[in-house]
Amino acid sequence: RHAKRSTITSEDVKLLARRSSSLLKYITQKSEEFTSSNMEKKKKKKSSAAKGRRTSEEHEAAITESEDSNMA
C-alpha cells in the first residue's frame, strides 16, 4: 500500500520517476494525453446523453399531443 491508500495515482508515479528527467518527461506527456482523451470522451458522452434526452422529451411531447387530440 502506498501512503495507506489502495490506489496509486499518476502523481504518485511521477514522484517515483522525478530523478530521471527523461522518464518523468515521458510519463508526464502520456499522462496529459490520457487526460485529454478522457475529457474528449466525457464531452462526447455528455453531448450524446443530452441528445438522447431531447429526443425522448420530444417523443413524450408528441405522445401527449396525440393523446390530447384523441380525447377531443
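Student: Is K30 buried or exposed, and how do I read its relative accessible area?

Tutor: Buried means under 20% relative accessible area, exposed means over 50%, and partly exposed lies in between (1.4 Å probe, protein chains only). K30 has a relative accessible area of 38%, so this lysine is partly exposed. Before we go on, note that this is a predicted model, in which local features need pLDDT of at least 70 and side-chain atom pairs count only at pLDDT 80 or more, while totals for chains, interfaces and linings use all residues. Residues are numbered from 1 along each chain as its sequence is written, and side-chain values use heavy atoms, with hydrogens and water left out.

Student: Which residue forms a salt bridge with K30?

Tutor: A salt bridge pairs a side-chain nitrogen of Lys or Arg with a carboxyl oxygen of Asp or Glu within 4 Å. The partner of K30 is E33, and their closest N and O atoms are 3.5 Å apart. E33 is also partly exposed, at 38% relative accessible area.

Student: Where do K30 and E33 lie?

Tutor: Helices (H or I, at least four residues) and strands (E, at least two) are DSSP runs, numbered from the N terminus. Both residues sit in helix α2, residues 21–71, with a spacing of 3 residues, or about one turn of the helix. The chain has 2 helices and 0 strands.

Student: How many salt bridges does the whole structure hold?

Tutor: The search finds 2. Besides the K30 pair, K14 bridges to E11, with the closest N and O atoms 3.3 Å apart. These two are 3 residues apart in helix α1 (residues 10–17), so about one helical turn separates them. Here K14 is buried at 16%, whereas E11 is partly exposed at 48%.

Student: Which residues is S31 in contact with, beyond its neighbours within four places in sequence?

Tutor: Contact means heavy atoms within 4.5 Å. With those neighbours left aside, S31 touches S10 and K14. S31 belongs to helix α2 and is buried, at 14% relative accessibility.

Student: What percentage of the chain's residues is buried?

Tutor: Of the 72 residues, 7% are buried.
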